[in-house]
Amino acid sequence: MVSATQDETGRLRLLLVDDEVGFTTVMAKRLTRRNMEVTMAFSGTQGIQTLRVKQFDVAVLDLKMEDMDGIEVLKIFKIMDPNMPVIMLTGHGSEKSANEGIQHGAYDYLTKPYEFTELLEKIRQAAISIKR
Amino acid sequence: MPFDDILHKLLPPDLTRTPYYRSLLRNIVLTIISVSIIPMVVVSSTLYLQFRHSYREKVNDHLRELVQKHQQNIDNFLQERLTDIRLMAARNGHERLKDESFLQRNLDLLQQEYGSVFVDLGVVNAEGNQEAYAGPFKLAKAHYGDADWFHTAIKIDFVISDVFLGLRGLPHFIVAVHSSASHPPWILRATIDFVAFSDLVNNIRIGRTGIAYILNREGKLQTSPGARPMPADIPNPLLAKALWDNMSAGGDDVRIALKKDSSGQEGIYAGAFLKNGDWLLIYQQNAEDAFADLDQSFFIATVIMTLGTAAVFLMAFALSRMIVIRTAKADEENKLMGQKVVETGKLASIGELAAGVAHEINNPVAIMVEEAGWIGDLLEEKEFQDGKNLEEFKRALAQIQTQGRRCKDITHKLLSFARKTAATAQDIQINYLIEDLVALSAQRTKFSMVEVKTELEEELPMVRVSVSELQQVFLNLINNAIDAMGNKGGKLTLSTRAQKGFAVVDVTDTGSGIPAANLNRIFDPFFTTKAVGKGTGLGLSICYGIINKLGGRIEVASTVDVGTTFSVYIPVSAGD
């Protein structure tokens, strides 16, 4: 179903970095059901650590987390894996930080609270764009 | 009460209807009148009474002095005439005076000295027969044996008689001396001219009505009235009696009394005894005349008081009216200002609260919606496909998602109401925006039987705004206006005008209007008069938030059953 995958099973490898556990968990379940291999990280630090040990096709990154500024995490992601598309999650009315993210190489952004279908669509677009 | 009626006519009708302003006016008027008039009356009447007292004292003193002086003059006159006769009798003796030519010479001497005071002289013997006579009348052998003066003279040796007509038929009185020591005893008598004597009294005149006269014990006049007419009731035995009683203390004292005469006119009477209490010298004058100056000053005082009172009343009314009108205006302004301040503060804090709530609710709702989606995902499993309630599950999940999205819409709107950051602004001409909106709403207005009219000011200045936000504002107002006109439709007018640094858009409908009680609340978030589920009550809050952020304001004027006008003031852009 997803064309560009590096998973041996053919599934898209997705990193979900968001400290809102409840929401992230249900999203992860629904994405998994749609044939994705989803890894969750509930803080910026945890996200960076996860990316260090595993490669991902697409990352979804919340810009507003307790421990780290999302933009900083984005910069580190882009250094660690410049080709991995990163979809940012921004708060309502935070178009400014979304723009900043785009400037730092983010692929796209979603305004929270987003709906599952929106997320799914963005991930698919991002997956297609992967240049590997 | 007529006073209240007058008061109420003073105020503009809208204030008259308010009991508060009515009683305020009344209280101010009464206060001004009482604090001005009471002291004025007290001071003026005290001064007047004081003045009247001293003035009357002065008049009385003057009269007393006058009467006293004349009393002495008259008494002296009488005593001197008596002394003249007495000296003549003593110096010349009976024998010489019996000679009529000698008597005539003496009369001539007296008349030379005193003028016409002495009319005639006579020598009378102890039986009352006149022995000698000098004078103009033919009284040579007159008999005075029955005359009162004769008896008195015999008894006490001298007499000054009352005025009487006597044998000659003219008013006169007699001064006589009885020489009882000689043999035979004889009497020298002289007739005093009544007119000459009267002149002594008639000279006493003050004012228009002052008149002096002499009464004897019987109340008979002893003087002629002279040029001035006597009061009708003089001589009046009753008045004379009253005066006599009043004067009975006698002596040199001058008594002053105020009495009403028969015509009811008050007179001032000053009296003094003459001739050892036989006669009474009376000076009388109308009180009105005597106190003419007093009456005049009373009149002037009254006029001043009346004018002053009128001025106080006028001032009280005018001032109170001004105060009440100003108070009403100030109250009105205060009320408006108070409302506005409350509103801004209230809306700001409500906005913060709403934003907080929206944030807190967003995530749980999003999770609920997604969990519902997850259940939907799971329902795809084969094990559930055969469940008899599968359709019901799907319907319930769809409902959860629908309602969840509705929650999200509301929180989204709340957040945009509270949002402080400016959206991208650009300079626009509002007229074009309004025309676009009219076109955009055409479908809905036609359906609602609403006639739309635009009155656009061509010279409208540009404003710097976010088009989408401003669209949201006017769409909201237009939709509200259409809703207010209900099923029967009406007229919607969109007009623009420029006013002191603002571009103003008036949105006027002919709808049901907004009751005064609701006017203060229409901008409150969640305040709605629409049925549950038909409106969120956020539309006007968002409009308010957007316009407020622009530095403008929204004003509402509404009359129930007539319609409502929302006026949106948008500041013109700085470059314009």
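In the predicted model, 13 residues of chain B are in contact with twelve residues of chain A. Two helices of chain B, α9 (292-379) and α11 (390-418), each supply at least two residues of the side of chain B that touches chain A. The largest share of that side, nine residues, originates from α9(B). By residue class, the side of chain B that touches chain A comprises five charged, four polar and four nonpolar residues.

Chain B also contains an open sheet of four strands, arranged in the order β6-β9-β8-β7 with antiparallel pairing. In general, the strands of a sheet pair through backbone hydrogen bonds, in either a parallel or an antiparallel manner. The edges of the sheet in chain B are formed by β6 (211-215) and β7 (255-260), each of which pairs on one side only. From one strand to the next, the twist averages 25°.

At the β7 edge, the antiparallel strands β7(B) and β8(B) (residues 266-274) are joined by six bridges. Among the residues involved in bridging, K260(B) has E266(B) of β8(B) as its bridge partner.

The sheet is further associated with a helical element. Helix α3 of chain B (residues 19-97) lies across three strands of chain B, namely β7, β8 and β9 (279-286). Relative to β8(B), helix α3(B) runs at about 35°. Strand β8(B) thus appears both in the six-bridge pairing with β7(B) and among the strands crossed by α3(B).

Technical notes. Residues are numbered from 1 along each chain as its sequence is written. Chains are lettered from A and ligands numbered from 1 in the order in which they are written. This is a predicted model: local features need pLDDT of at least 70, side-chain atom pairs count only at pLDDT 80 or more; totals for chains, interfaces and linings use all residues. Two residues are in contact if their C-beta atoms, placed from the backbone, lie within 7 Å. Ala, Val, Leu, Ile, Met, Phe, Trp, Tyr, Cys and Pro count as nonpolar, Asp, Glu, Lys and Arg as charged, and the others, Gly among them, as polar. Two strands pair if DSSP finds at least two bridges between them. Axes are lines fitted to C-alpha atoms, for helices over the stretch in contact, and angles run from 0 to 180 degrees between N-to-C directions.
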